Structure formats: structure tokens, C-alpha cells
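Colleague: I should be grateful for a close look at a single part of this structure. Please take one chain and describe how its parts meet one another and their surroundings.

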Amino acid sequence: MRYLPLQEADRAVMLQAIGVDGIDDLFVDVPAGKLLDEPPALPLGKTEMEVERELGRLASQNVAAGSVPFFVGCGAYKHHIPASVDHLIQRSEFLTSYTPYQPEISQGTLQYLFEFQTQVARLMGMDLANASMYDGSTAAGEAVLMAHRITKRSKAIVSGGLHPQYRDVIETLSKHSGKVMDALHADPLGQEDLVSRIDDETSCVIVQYPDVYGRIQDLAPIAEAAHARGALLVVAVTEIVSLGLIKSPGEMGADIVVGEGQSIGNGLSFGGPYVGLFATRQKFTRQMPGRLCGETVDAEGKRGYVLTLSTREQHIRREKATSNICTNSGLCALAFTIHLSLLGQTGLKKLAEVNHGNAVVLADKLAAIAGVEVVTQAFFNEFTIRVNGDAGTIIDALTERGVLGGVAMSRLEPHDPSIRDLIIVASTEVNTDADRAVFVAALEDIVR
Amino acid sequence: MSMNSQGRPSEPKISGAGDQAGKVTFTGNRGLEHEVPLLFERAGNFETTGVDLPMPKRVQSRLGGLEREEPIGLPGLTEPEVMRHYVRLSQKNYAIDSGLYPLGSCTMKHNPRLNEKLARLPGFSDVHPLQPQSTVQGALALMQTLAGYLLELTGMASVALSPKAGAHGELCGMLAIKAALEARGDKRSVVLVPESAHGTNPATAVFMGYKVRSVAARADGTVSVEAVREALDSDVAAIMLTNPNTCGLFEPEIVAIADAVHEAGAFFYCDGANLNAIVGKVRPGDLGVDAMHINLHKTFSTPHGGGGPGSGPVVLSEALAPFAPVPYVLRDSAEFRIVEDAAQAKSDGGDPLGRLTAFHGQMGMFVRALSYMLSHGCDGMRQASEDAVLSANYVRTELRDLFTQPFGDRVCMHEVLFDDVFLKGTGVTTLDFAKAMIDEGYHPMTMYFPLVVHGAMLIEPTESETKEDLDLFIATLRYLAMQARKGNAELFTDAPVLAPRRRMDETRAARQPRLVWQPGIQAKT
């Protein structure tokens with residue numbers, strides 16, 4: 001077996017040194033009858049060629065986003081990733097290292113985490129950020145729990161513009177930890193009244209920005225209303241590129257901002273691994289979940305970095321921890337920080353402008369089709385269209401014509417008949433004029 | 001270091017600091033190792049970008065008047081600069097690919113590069129989670145195949161693939177238990193956790209509103225069925241037991257414990273962090289386990305990546321299977337289908353506990369783990385477990401005369417646990433000892449865990465080391481133990497002196513937290 005360096009002769013010498021006759025003498029504590037005599041009923045080991053052939057065959061049964069006109073978003077986005085990003089994250093010293101618990105020999109990881117935290121805080125317009133979470137949805141769940149801890153209240157008000165799967169994560173956590181979630185109905189037109197729902201039991205209001213329908217709205221009035229009742233504003237950003245062009249949640253008064261960082265540096269990968277972003281105000285530092293990297297000095301006074309404030313965490317605090325979270329998303333955070341350090345604020349802004357421009361052009365072309373209405377007024381790179389029929393059927397018809405044309409809202413919200421005719425369409429820098437032309441022609445043909 | 005015929009080092013010259021270790025250079029660099037300023041300190045880079053983009057379309061902005069006006073404050077680097085910045089940073093990290101990484105409980109085994117290559121095939125890496133299901137049949141087939149492997153290896157009934165990491169899987173498994181109890185109208189409020197458990201166990205239980213009742217271990221480091229029986233009553237929802245346990249020992253009474261737990265109407269959550277010791281040798285399902293998370297990043301070699309991403313699928317017993325969260329993959333005749341909606345799952349006869357993450361879990365890790373499983377096969381996975389256990393016992397045997405074992409000299413599984421009794425009176429602590437290992441070119445073992453053992457040193461060599469490398473590692477630890485015994489305490493208390501940094505002031509980091517860079521404010525350099 002190519003990955004196992006011990007040879008039979010080594011094993012024999014080692015068993016002898018240990019003073020046992022056979023390997024199963026080392027499994028003596030396994031209760032009688034429970035030690036398997038034979039390997040499990042699975043195929044024998046394969047060569048690299050065979051494994052490559054077998055998994056390559058499965059890969060070829062999927063339609064890669066880059067191979068078709070592609071307009072699917074809703075929380076994960078197809079962006080171009082510079083070649084240097086993937087090259088760098090595959091360096092052994094990043095890829096095959098553990099959590100930086102021994103800072104003297106982990107300064108590489110620690111410094112990029114410190115830089116990552118700074119980049120995320122600045123993007124979000126917040127004071128500080130942690131070293132990443134599993135993904136945007138779990139970060140949103142943790143943000144709500146943190147708001148409960150800070151306010152010592154237990155009700156979260158969830159906007160109808162929040163990604164339904166994010167809402168479901170919050171609901172699962174709430175349901176099983178004795179908290180309350182007040183979720184508003186699907187809100188494609190931005191008509192919901194969040195403010196009147198806020199009461200003295202409310203720990204936080206959570207909104208998405210831009211929301212799942214692509215809509216951008218000013219969050220300052222919601223922040224003010226929440227703060228007036230002693231509640232916090234939690235903002236979830238699923239398309240982080242947007243913050244290159246639109247106001248940061250921090251500027252509008254958010255208390256906790258979470259995000260999905262996939263758009264920067266990380267591929268679609270069928271939903272994971274991604275990288276959760278988590279930023280907040282200075283005064284809430286010690287209520288944050290997850291790992292934090294901080295600056296300090298070594299015994300010679302040289303600047304360096306360590307994981308810090310770990311008295312919040314489970315391995316120290318056990319049952320008193322702020323969260324059971326153990327891992328962050330280190331390598332995905334590395335991809336994020338490398339891509340963002342290539343972009344810089346100049347490149348990020350331009351990337352965001354290219355995205356917005358492409359989306360506006362597409363929205364106008366789609367709006368010109370009889371039977372299609374663009375319902376989102378203010379948006380970044382994603383918007384909602386209403387079609388004259390069942391959105392899911394239309395998506396399938398587009399697929400048959402070789403276009404992955406967005407997400408039928410009914411896939412995320414299957415029990416709400418009011419959104420059965422809505423499709424969320426995303427357009428990023430990867431879309432060409434030809435992609436748009438194919439999409440528009442196909443949709444026109446279908447809805448005609 | 002020269003070696004004599006027994007594979008032991010002949011007495012070397014005192015290494016430690018060495019005459020040149022403290023040499024000051026003009027640049028602050030030390031040969032191959034460079035000082036790297038922060039991104040934000042590279043003057044003039046706030047206008048630069050290292051990405052060439054097309055011109056944006058000229059359109060009327062439709063941002064609703066919410067344009068960002070202030071500069072964000074993010075520097076940009078050209079590609080040559082970015083390569084150098086990150087390559088130089090990487091050179092400050094220890095890694096499995098550069099040396100033995102004996103972190104107990106963390107399983108730093110070799111990460112095959114085939115797995116990286118396959119996870120990057122566009123058919124896996126460039127596929128959107130919300131694409132129509134007809135366009136992702138291969139991805140769903142892969143998930144189904146992985147699920148089949150996990151079930152066969154564990155002897156369990158069902159698996160939830162979506163949890164993002166071990167602790168997330170642990171939450172998933174415990175939520176399934178809670179849901180099962182609620183479904184039968186059984187309100188229980190206590191979870192039993194042995195003192196030696198991972199910190200995540202009590203943290204998870206308390207998050208869910210349970211009270212934690214501690215179960216003491218016996219003098220031999222394992223849990224007795226009597227102790228469990230004593231702690232059990234009709235208010236106990238579950239026991240969370242790690243097996244092999246955090247002391248590296250297989251729980252000999254695990255079957256009897258499972259029976260006792262079930263008799264009391266409770267469930268058995270097994271922390272699967274140490275599954276890598278028993279894959280292909282013992283099936284948790286045969287032991288009476290109801291739920292167990294599997295760290296794909298430990299047992300099945302997906303890279304740790306400097307702290308994630310992980311992946312924590314949870315296997316469930318027949319009794320818990322209906323409560324698995326959405327999403328999950330089904331096969332209807334020729335088509336694979338992913339069930340994403342709880343109500344739909346109910347019409348299929350399930351009663352899902354909810355949803356733990358957006359989308360479908362860590363697909364990139366699923367590809368890597370399956371690639372590992374196919375490469376090893378049933379024979380290779382069994383051999384890997386055996387080699388891991390063999391290597392740990394070999395280290396134990398070769399060190400036992402100089403190091404001390406908290407539970408006496410007995411066989412261990414994939415990791416061997418020492419305490420600090422052998423350092424008593426030397427002026428050297430476990431931490432000092434670990435830091436001296438850094439100067440010798442090793443990543444330290446896991447220190448001070450499990451908490452129940454004083455000055456714990458938990459060594460997990462894994463199956464990825466040659467005998468020669470194990471021998472040098474053993475010889476190094478013997479040398480260090482002898483130096484401690486001889487009173488050469490400075491070798492330890494000053495260490496490390498040969499790493500990119502000396503010991504860090506962690507107290508200062510916590511008392512005056514600096515978590516982001518700010519212009520003009522930094523720790524003294």
C-alpha cells in the first residue's frame with residue numbers, strides 16, 4: 001500500500017520489541033467476539049490510476065459551472081480565482097499543518113489569520129473579526145446565540161429576506177436550545193415590517209444584505225429601532241464581493257456581521273468547504289465564538305502572533321464555553337485572504353463594478369422579454385425575476401437548453417405558493433455577452 | 001546525530017542554543033527564514049491590484065443610493081509580491097510533509113496528493129449546490145458511495161453527511177438523540193460525560209440544555225460499567241463516551257456500558273475522534289453505539305489545513321436514523337435525489353431534527369475521503385489501523401523505562417499517554433519539554449490533554465512513519481529525558497531558540513488584545 005511505509009520485516013521487529021506475538025495482542029481490550037477476523041466487505045485497495053478513473057467518471061457526470069452559461073447564486077457564487085491562490089494554498093506548510101497551537105513554529109498560519117481578521121473587519125466596517133467559522137450559515141446561527149448571550153434575552157426576529165437555509169439553521173439551533181425564533185414570511189418585494197416586531201424580549205434582528213432576492217436596502221432604520229429596544233442588529237452577507245461597492249453593514253449600525261466568504265478565493269465545490277466570516281464591535285470581543293488570533297511579542301521582544309482569548313473556548317471552558325466550535329476554516333480563510341490581498345481595495349471595487357454592470361445589463365435584457373418581470377429594484381449582482389409559470393419547470397427547461405439559469409425560489413421555500421413563479425438570477429464577472437445572449441434567447445423561447 | 005547499533009544516539013554535543021543562534025543580522029532575516037511585514041505595512045500598496053479585470057459595463061448604477069464612499073483600507077499586491085509574501089510565511093510553519101507530527105488525538109497522518117487532485121476536478125470543484133439535480137448526478141452518487149463506505153466500516157444504519165466538522169457532528173448526533181427522546185415523549189435532562197472527555201462534549205451537552213454529570217475513570221484510565229450504572233437513572237438522556245478514549249485506551253467494558261445505558265432508556269453517543277485506531281478492526285455498531293461522528297480530517301486523511309476545514313459526518317443506529325437532519329441523498333431507481341426539505345423528508349417516513357448548515361456539507365472533503373478509502377481498500381484501511389496501533393505501542397515500549405505512564409504499563413491503541421512524574425524535581429515542565437522538541441526539529445506532542453492526567457503528553461505517531469523515523473524520534477525523546485534528568489534545565493526552559501520565534505507572551509496577548517492591525521499601533525518589535 002503506497003501510503004504505508006512500514007514493511008513486514010519492520011512490523012515483525014516492532015512486535016518483538018513490544019513483546020507480543022501478533023498484532024491482535026495489541027487489541028486485547030476489545031470485548032470478546034467484537035474483533036473482526038477479516039477486513040470489512042469492501043473492495044481491496046486500488047492504484048492511483050484506478051482511483052482516478054473511478055472518481056473521474058463520477059466527476060464527468062456533473063455539469064461544471066464553467067462549461068455552460070451559468071447564472072446560479074443564492075448564497076454561493078461562481079467567480080474567477082487567480083491561479084496563484086490555489087497554488088499557494090497547496091503549499092505543504094499550509095495544507096498539512098494543524099491548528100497553530102505551537103506558535104513558535106506556526107507563525108505562517110498565525111500571521112495570515114491576523115491579516116485575514118483585519119481584512120474581514122475592514123470589509124464589514126466593524127472593529128474586529130475572528131479567524132473564521134465553518135460557513136456563512138453556521139456563522140449566522142452562532143451570531144444569534146451570541147446576541148442571546150449579550151442581551152440575556154432569547155428571541156430572534158428573522159427577516160423574510162434571509163436565505164431560507166440560513167433561517168433553518170437558526171431554527172434548528174433555537175428549537176433545541178430553548179430559544180425563540182420569530183421568522184417573517186418570504187419577502188421578495190421588501191414589504192415586511194421588521195421594526196414593529198421588535199419587543200423587550202427581542203435579542204436581535206437578523207437580516208441579509210443584499211438579501212436572498214438580491215435586494216439592497218438601508219439597514220440604518222432597523223439598527224436604530226433595534227437599539228432603541230435594547231436589541232442587536234445581526235447582518236448576514238452571502239455575497240461578500242458586494243461590499244466592494246455598497247455601504248458596509250458596520251456603517252449602518254450593525255452589531256454583529258457574519259458572511260459567507262466563498263466568493264473570494266474559494267470554488268463552488270457543491271456547497272463546501274466554504275469560509276464563515278464573523279465580525280463585531282470591540283465591546284463584544286469576549287462574547288465571540290471561534291478562534292481569535294492576536295498580536296504579541298516573544299521572549300526577545302520580536303513581534304509575533306498567537307491564538308488568544310481561548311478562555312472563551314471549549315477546550316478550556318468546557319461546559320461554560322461560548323460555543324462548542326473547535327475548528328475554523330483555516331485553508332479556506334487562507335484562500336480568501338490571498339485572493340483579497342491580490343485584489344486590494346482597488347481590485348475589489350472594480351470586480352464589484354464588473355459584477356454590478358453585468359447584472360444590470362442582464363436584468364434589462366430579461367425585463368424586455370414578454371412574460372418576464374424583474375422585481376428587484378436595487379441590487380448588486382443578483383436579482384429576482386417573476387415568470388409566467390412554475391419557476392422550477394422553467395429552470396428545468398433552461399437546463400435542457402444548456403443554460404443553468406438561476407434558482408427557483410420554490411427549491412428553497414417549497415411550501416410557499418406565493419413565490420412559485422420567482423427565479424433568483426446571479427451574474428458575475430465570469431458571464432460573457434454570449435452567455436447572456438444564450439440565456440435570454442432560451443428564456444424567451446420557453447416563456448413565449 | 002550519529003546512531004549506535006541499537007538505534008540510540010551516541011552522546012551528542014550539547015545542542016540547544018549554540019553559539020550562533022542569537023546572531024543579529026542587518027535585515028533581521030536568518031538565512032532561509034525571512035521577516036515578513038504585514039500586508040498593511042507595505043507602503044503604497046493601497047492603490048495597487050494584482051488582478052486584471054475587464055472594464056465594467058457602463059450602466060446606470062442600481063445600488064439604491066447605497067454606494068460605499070470611504071476607501072475600505074485593503075492593500076493590493078501584484079502576483080510576484082503575493083507569491084513571496086505567502087511563500088515566506090509558509091516557511092515559518094511546521095507541517096506533516098516536513099516532519100513527524102505526533103499530536104495525540106489530532107491524527108496527523110499523510111495527506112495523499114491524489115485526493116487533492118481529484119477534489120479539484122471541475123466536475124466536483126466547479127459545481128453549485130443549487131444546480132438542478134439532473135446536472136449533479138455524479139456528485140450525489142459520490143455522496144451515496146461515501147455513505148455506503150462509512151456504514152460498512154462502522155456497522156451503523158444511517159449517516160448524516162452534512163456536519164461541517166467534528167464538534168458540529170457531535171451536535172448533530174446529540175440533537176438526534178434529543179429528537180428521539182422527544183418523539184417518545186421522554187423528557188430527560190442529564191448527560192453523562194467521563195472526566196477525560198474532549199471539551200466539546202460538555203460544551204455540546206450544555207448548549208442543548210442538558211446538565212452534565214461527570215463519570216470518574218478507574219485507576220487504569222478506563223470507565224467501568226459499575227460507575228456508569230451508578231450514574232444512570234431515568235433522567236439520563238445519553239452518555240458521551242470516546243472510544244478509544246482520550247488516554248489512548250480501548251474501553252474494555254464498552255459493550256456492557258452500552259447495554260446498561262440502553263436498559264436505562266438512554267442513548268450511547270460515541271465520540272469518534274479516535275476511530276482511526278479501529279477502522280477495519282472493530283465496528284462501533286457492534287459495540288452498541290447509537291450515534292458517532294467521524295472526523296474525515298483525522299481518520300480519512302483530509303488535510304487539516306492549519307485549522308480546518310474539517311468534515312464531521314455522523315453515523316446513526318436504527319433507532320436514531322429517522323431523525324437525521326436534511327439534506328440527505330436517496331436513490332430512486334436510476335436517479336439520485338437529494339432531500340433538502342424537512343416536510344418532504346416526513347413524507348418519506350423521516351422526522352428530521354432540522355438543518356445544520358446551508359447546502360449539503362463539505363463536498364470537497366467527501367471527495368478526498370472517498371479517494372483515501374478507495375486507495376487503501378478494506379485491506380489497506382485495516383493495515384493502517386494496525387500500523388498506527390503498532391507504532392504507538394512501539395514508542396511506548398521504547399520509552400517506558402525513562403518516561404512515566406499514568407495508568408501503568410499496558411497496551412495502548414493509536415496513541416500513548418505519558419504524565420510528568422518522570423520530570424519531577426528536574427525543573428522541567430511538560431511545556432518546557434515540548435518546546436525543547438521544537439529545537440530538535442519535531443512538532444511537540446499534545447500537551448496537558450487529557451486534563452485528568454498531570455502534565456499529560458499524548459503521542460500519536462500515526463501509521464505514516466517509517467521505523468527509522470520512529471527510532472530517531474524515540475532516540476530524541478530519550479536524549480531529552482536524560483538531559484532533564486542530568487539537570488540540564490536550560491536546554492528546556494530557554495527553548496525554543498532555533499524556531500522562527502522564541503516563546504510568545506500569551507498573557508500579554510490576552511490582557512491587551514490586538515486582534516486587528518491598526519496604523520501606528522503594534523507590539524514593540
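Modeller: What follows concentrates on chain A, with a short comparison passage on a sheet in chain B. The model is a predicted one, and every value below is to be read in that light.

The domain assignment divides chain A into domain 1, made of 65–80 + 344–447, and domain 2, covering 83–339. The C-alpha centres of these two domains of chain A lie 27 Å apart. Where they meet, 30 residues of domain 1 of chain A are in contact with 25 residues of domain 2 of chain A. On the domain 1 side of this contact, at least two residues each come from helix 10, strand 11 (382–387) and strand 13 (422–426) of chain A. Helix 10 of chain A gives the most to that side, with seven residues. By class, the domain 1 side that touches domain 2 in chain A holds 16 nonpolar, eight polar and six charged residues.

The contact between the chains takes 173 residues from chain A and 181 residues from chain B. Helix 10 (residues 330–367) of chain A gives the most to the side of chain A that touches chain B, with 22 residues. Helix 10 of chain A therefore leads on the chain A side of the contact with chain B and on the domain 1 side of the contact with domain 2. The residues with which chain A touches chain B divide into 80 nonpolar, 60 polar and 33 charged.Another element of chain A deserves attention. Helix 6 (residues 136–151) of chain A has 16 residues, which at 1.5 Å a residue should span 22 Å, and its end C-alpha atoms are 22 Å apart, in agreement with that expectation. Of the 16 residues of helix 6 of chain A, 13 are buried, so this helix is largely enclosed by the rest of the structure. A residue counts as buried here if 20 or more other C-beta atoms lie within 10 Å of its own. Helix 6 of chain A is followed by A:K152, whose phi is positive, near 55°.

In chain B, an open sheet of three strands has the order 10-12-11, with antiparallel pairing. Strand 10 (416–418) and strand 11 (446–447) of chain B each have a single partner strand and stand at the edges, so one side of each is left without a neighbour in the sheet. Strand 10 of chain B pairs with strand 12 (residues 457–459) of chain B in the antiparallel sense over three bridges. Within chain B, B:L417 stands opposite B:L458 in strand 12.

Note on methods. Residues are numbered from 1 along each chain as its sequence is written. Chains are lettered from A and ligands numbered from 1 in the order in which they are written. This is a predicted model: local features need pLDDT of at least 70, side-chain atom pairs count only at pLDDT 80 or more; totals for chains, interfaces and linings use all residues. Two strands pair if DSSP finds at least two bridges between them. Helices (H or I, at least four residues) and strands (E, at least two) are DSSP runs, numbered from the N terminus. Two residues are in contact if their C-beta atoms, placed from the backbone, lie within 7 Å. Ala, Val, Leu, Ile, Met, Phe, Trp, Tyr, Cys and Pro count as nonpolar, Asp, Glu, Lys and Arg as charged, and the others, Gly among them, as polar. Domain bounds come from an automatic or database domain assignment. The expected span of a helix is 1.5 Å times one less than its number of residues. A residue is buried if 20 or more other C-beta atoms lie within 10 Å of its own, exposed if 12 or fewer, and partly exposed in between; C-beta atoms are placed from the backbone.
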